[in-house]
Amino acid sequence: MNLDIPYHLENYIDGNLIAPLSSNFIDCINPATGEVFSQVPNSNEKDIEIAVNAAKKAFTTWSKTSNEERFKILNRIADLIDENIEALASAETTDNGKPLWLSKSVDIPRASSNFRFFATGIMHFASESHSMTDKAINYTLRQPIGVVGCISPWNLPLYLFTWKIAPALAAGNCVIAKPSEVTPVTAFLLSKICKEAGLPNGVLNIVHGDGPSCGEAMVKHKDVKAISFTGSTKAGERIASIAAPMFKKMSLELGGKNAVIIFNDCNWEKMLKETVRSSFGNMGQICLCGSRILIEKSAYENFKKYFIDIIKKLKVGDPLDEESKQGAIVSQTQFEKVMSCIETAKQEGGTILIGGNAVKLTGRCENGYFIEPTIIEGLNANCKTNMEEIFGPVVTLQPFETEEEALQLANTSNYGLSATIWTQDISKANRMAAKVESGIVWINCWLLRDLRTPFGGIKNSGVGREGGWDALKFFTETKNICLEFGV
Ligand code: NAD
């Protein structure tokens, strides 16, 4: 299979790789070099229309395939992802700017795990029955919905794209999927993999394009019955405003402004190691990154000293260099947004303890978008910097004196995706975990993922849960059947 990146990417509709009907394209830019290396279709409602028709046609047979058959095909896709890890990781890094070692060790392996996990999941998926003693029995069916839409962001491109597609297909739906127009390449390569794996035509349709033209056309289409969206809170709000009056099922995984709560009695070695990751992993471009670090006052100065010492050594560099711990920011737009957030933090009276500047590399990456890992202190909890998502390598430090104050600071946010608590006092940890307003809490760890667990946020971080049975329940309609035994 040829997984080289062509100059023009194509849509994958009804089993064919085809150009967009409008012939409109968007540049794909390597953020590490600033160079255009490919172009992605900017599809519109006409492309969505043919994709939906193909999906509707395919649904009549795909929804009736056995779980074993779907298990086999999804596993074949996973095998092909594993076999082509080098090409896929290299494409992800070219498109996104993340270090190649990260694409190879996290993004691409997770994409194949997603397929394997839900392939296996559907083999074990069961529904309930409710007995009314000797009078009647209720039993519940979970049936595929029909044509469903999946929309994903740029930060973990293939990882999050497949996290939606795999359960949707496993549950017997046909899918219209749109990756981010900023990082579409691995989704395009996935179309080739699906063809090779023998996925029947029309079961998965990957339509490329931007939000307003392609994404909205999908959300507005009357025959797309459910929307699974991961992205910004702003786009989620827009999507909900279109899909809610049409009574579509919706799962919205949105932004975050996550708190990391550090008590003096924690395991410092582990906490420091993991806080470096939770602050600057993937250049801070993970929805679960802890961008607000709250530290018990008695530990504040020590934490600051040790943390800065480690961050000083975090090398920002060419994503192809094994030594680079930090790669490029995904795009010029995101680079400018992060730099302007740093400016705002200064205007709000914040002190930059380390970082705060763009990094100018030489050679291949001289025109790339790189930013120093940045730590800021001295800001109040309600300022813009502490309230709005930055989604880049920027964290703030705030001291607290009591558990109550830590909770109050953590819960000041309008977001509620995840929180991390560091303490050796297990009672305190559990007390805090129950009261912190977020959908996910890590105690003495960060981003330790078990794909069976419910994943999602509260408040402005979204509606619904992904992962495990939650995903399979989302991608099925529930029907209760009541049978009275009679006399
Ligand atoms: P984004 O909202 O700009 O775009 C996400 C996707 O939505 C893209 O495919 C985009 O084309 C599409 N889109 C945008 N507007 C649309 C519209 N009106 N209709 C239909 N589709 C539309 O987000 P982004 O900049 O790609 O990603 C970063 C954001 O994603 C951050 O806010 C981050 O926190 C969030 N995120 C959340 C999670 C989570 O699980 N909660 C995971 C990763 C990223």
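**Figure 1. Polar contacts of the ligand in the predicted model.** A polar side-chain atom of Glu-216 is placed 3.1 Å from a nitrogen atom of the ligand in this predicted model. Backbone atoms approach the ligand as well: an N or O atom of the Ser-152 backbone lies 2.8 Å from a ligand oxygen atom, and a backbone N or O atom of Gly-231 is found 3.4 Å from an oxygen atom of the ligand.

**Figure 2. Residues around the ligand.** The ligand is surrounded by 30 residues. Of these, Lys-178, Glu-181, Ser-232, Leu-254 and Glu-389 come nearest to the ligand.

**Figure 3. The two domains of the protein chain.** Domain 1 comprises residues 11-254 together with 461-480, and domain 2 comprises residues 258-454. A distance of 30 Å separates the C-alpha centres of domain 1 and domain 2.

**Figure 4. The interface between domain 1 and domain 2.** Contact involves 32 residues of domain 1 and 33 residues of domain 2. The size of an interface is often expressed as the accessible area that is lost when the parts come together. Between domain 1 and domain 2 the buried area is about 2,600 Å², with 60% of this area given by carbon and sulfur atoms. Trp-101, Trp-154 and Ser-461 together supply 21% of the area that domain 1 buries against domain 2, more than any other three residues.

**Figure 5. Polar contacts and secondary structure at the domain interface.** Zero salt bridges are found across the interface of domain 1 and domain 2, whereas 10 residue pairs are in polar contact across this interface, with both residues of each pair at pLDDT 80 or more. On the side of domain 1 that touches domain 2, at least two residues each are supplied by strand 3 (25-30), helix 3 (85-96), helix 4 (100-124) and helix 15 (468-474). Helix 4 gives the most to this side of domain 1, with seven residues. By residue class, the side of domain 1 that touches domain 2 consists of 13 nonpolar, 14 polar and five charged residues.

**Figure 6. The salt bridge between Lys-56 and Asp-223.** The count of salt bridges in the model comes to 25. One of them joins Lys-56 to Asp-223, with the closest N and O atoms 2.8 Å apart. Lys-56 belongs to helix 1 (residues 45-62), while Asp-223 is in the loop between helix 7 (211-220) and strand 10 (224-230), so the pair ties together parts that are 167 residues apart in sequence.

Terms used: Residues numbered from 1 in each chain as written. Predicted model: local features only at pLDDT ≥ 70, side-chain atom pairs only at ≥ 80, totals over all residues. Heavy atoms only, no water. Domains from an automatic or database assignment. Contact = heavy atoms within 4.5 Å. Buried area = accessible area lost by both parts, 1.4 Å probe. Salt bridge = Lys/Arg side-chain N within 4 Å of Asp/Glu carboxyl O. Polar contact = N/O pair within 3.5 Å; in protein donor to acceptor, adjacent residues only side chain to side chain. Helix = DSSP H or I, 4+ residues; strand = E, 2+ residues; numbered from the N terminus. Nonpolar A, V, L, I, M, F, W, Y, C, P; charged D, E, K, R; others polar. Near = heavy atom within 4 Å.
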